[in-house]
Amino acid sequence: MSKPVIAIDMGGTKIKIAIMQDGILLDSTSIDAYSANGLRSRLPYIREAVENLLKPQQLSLSDLGGLGIASPGIVDSHRKKVLSIDKKFGDAPEIDLEEWSQKMFNLPFFIENDARSALVGEWIYGNAQNHDNAVLMTLGTGIGSAAIIEGKLLKGKHFTAGILGGHSVINYKGNVCNCGNKGCVETEASTWNLANMPKSEDLPASSVVDFEMIFTLAEEGNTKALEIRNQSLQAWSACAVNLIHAYDPEILVLTGGIMGSSSSIIPYLRNYIETYAWTPWGKVHLTEGKFSGTAALLGIAHLINNQ
């Protein structure tokens, strides 16, 4: 049995902190991310959360095998730093997180992109088990992706391989994305840009415009919501086909907050993929992730023990 580890998932809304051991979540908590304000100001709260988790488990820092972070952005897992990040936690590339981990906890430190971490979690413990060619697509604040090819996590020379599915262009005449390109999948259909999508201003007044509301109103027959839902389903389907053509997976795993509407999303994407993906060998297996909220924690914990 390996030592327990601290796993951290840096979400845009919540930062999740957990104690993991051999694929088992011993305890967890979360703190508000306030990601627009950067990461540095949240580090003391992460430390406090870790300390509060250890006490009930009767664990000390010396009992732990390491600390790992699943982070958004482009992550150099060798030099253990965030190279580039889009909007959320914008100061992360300036922070020596390995030094922080050693100073605060005196623990070995590991870091990986959050979508890659989530795919590893699903590959080792979840619905991508027994598939050595797998792709993950996350539908949430943005659109994330990751790929495992022939049993190896795809990273690339500059650590961007596999993770930029949300920035594949599906409408070259589209609006400008956060990344500076035009017509990215994220620009066409993601939570961060939902309020800017055509027709969204015509929806009923609401404090929060999100996809849960869009799918609910669409089911009720709201014309504007139906247009946004259908545009989004088409955008995600195009992204899925791009990922399949790029990485030749046996299985495509869908995760993320928007998958709360999976009963509408899965059948649409499955039909689209079976119609338009060029896979003469057969059908790509499409499935929802097994661990909607903890896949990245499971994945980074596994990577800590198997680097």
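In this predicted model, strand 2 and strand 3 (residues 24-32) lie side by side in the antiparallel sense, paired over 8 bridges. Within this pair, I19 faces D27 in strand 3. The two strands form a hairpin with 2 residues between them, and D22 takes a positive phi near 50 degrees there. Strand 2 (residues 14-21) is also mostly covered, since 6 of its 8 residues are buried.

Strand 2 has a further partner. It is joined to strand 1 (residues 5-10) by 6 bridges, and these two strands run antiparallel. V5 can be found opposite M20 in strand 2. Strand 1 and strand 2 likewise form a hairpin, this one with 3 residues between the strands.

These pairings belong to a wider arrangement. Strands of a sheet pair through backbone hydrogen bonds, and the pairing may be parallel or antiparallel. Here, an open sheet of 5 strands follows the order 3-2-1-4-7, and its pairing is mixed. Strand 3 and strand 7 (109-113) each have a single partner strand, so they stand at the edges with one side left without a neighbour in the sheet. From one strand to the next, the twist averages 20 degrees. The parallel sense is found between strand 4 (residues 67-71) and strand 7, which pair over 5 bridges. In that pair, A70 stands opposite E112 in strand 7.

Helices pack on this sheet as well. Helix 2 touches strand 4 and strand 7, and its direction makes about 145 degrees with that of strand 4. Helix 8 touches strand 1, strand 2, strand 4 and strand 7, with a direction at about 135 degrees to that of strand 1.

The next step is to see how these helices meet other helices. Two packed helices are described by the angle between their axes and by the distance between the axes. For helix 1 (residues 43-54) and helix 2 (residues 97-105), the axes come within 12 Å and cross at roughly 45 degrees. The two helices are therefore oblique to each other, and their crossing is right-handed. On the helix 1 side the contact is made by L43, I46, R47 and V50, and on the helix 2 side by L97, W100, M104 and F105. Sorted by character, the residues of this contact comprise 7 nonpolar, no polar and 1 charged.

Helix 8 (residues 295-305) meets helix 3 at an angle of about 85 degrees, and the axes of the two are 6 Å apart. That angle makes helix 3 roughly perpendicular to helix 8. Helix 3 contributes D114, S117, A118, V120, G121, E122, I124 and Y125 to the contact, while helix 8 contributes A295, A296, L298, G299, I300, H302 and L303. The contact residues divide into 9 nonpolar, 4 polar and 2 charged.

Helix 3 (residues 114-125) also holds L119. This leucine has a relative accessible area of 0%, and L119 is therefore buried. Leaving out residues up to four places away in sequence, L119 touches A134, V135, L136, A146, A147 and I148. Among these, A134 stands opposite I148 in strand 9. E227 is 108 residues from L119 along the chain, and the C-alpha atoms of the two are separated by 31 Å.

Attention now turns to another sheet. Strand 8 (residues 134-139) and strand 9 (residues 143-149) pair in the antiparallel sense over 6 bridges. Helix 6 (residues 223-247) lies across strand 8, strand 9 and strand 11, and runs at about 155 degrees to strand 8. Helix 7 packs on the sheet too, touching strand 8, strand 11 and strand 12, and its direction makes about 170 degrees with that of strand 12. The open sheet itself has 5 strands in the order 10-9-8-11-12, with mixed pairing. Its edge strands are strand 10 (152-153) and strand 12 (285-288), each of which pairs on one side only.

A last residue to look at is S261, which lies in the loop between strand 11 (251-255) and helix 7 (262-276). S261 counts as buried because its relative accessibility is 13%, and the cut-off for that word is under 20%. Apart from its neighbours within four places in sequence, S261 is in contact with F211 and F215.

Definitions and conventions: Residues are numbered from 1 along each chain as its sequence is written. This is a predicted model: local features need pLDDT of at least 70, side-chain atom pairs count only at pLDDT 80 or more; totals for chains, interfaces and linings use all residues. Side-chain values use heavy atoms; hydrogens and water are left out. Axes are lines fitted to C-alpha atoms, for helices over the stretch in contact, and angles run from 0 to 180 degrees between N-to-C directions. Helices (H or I, at least four residues) and strands (E, at least two) are DSSP runs, numbered from the N terminus. Angles under 35 degrees count as roughly parallel, over 145 as roughly antiparallel, 65 to 115 as roughly perpendicular and the rest as oblique. A crossing is left-handed if the near helix is turned anticlockwise from the far one by less than a right angle, and right-handed if clockwise. Contact means heavy atoms within 4.5 Å. Ala, Val, Leu, Ile, Met, Phe, Trp, Tyr, Cys and Pro count as nonpolar, Asp, Glu, Lys and Arg as charged, and the others, Gly among them, as polar. Buried means under 20% relative accessible area, exposed over 50%, partly exposed in between (1.4 Å probe, protein chains only). Two strands pair if DSSP finds at least two bridges between them.
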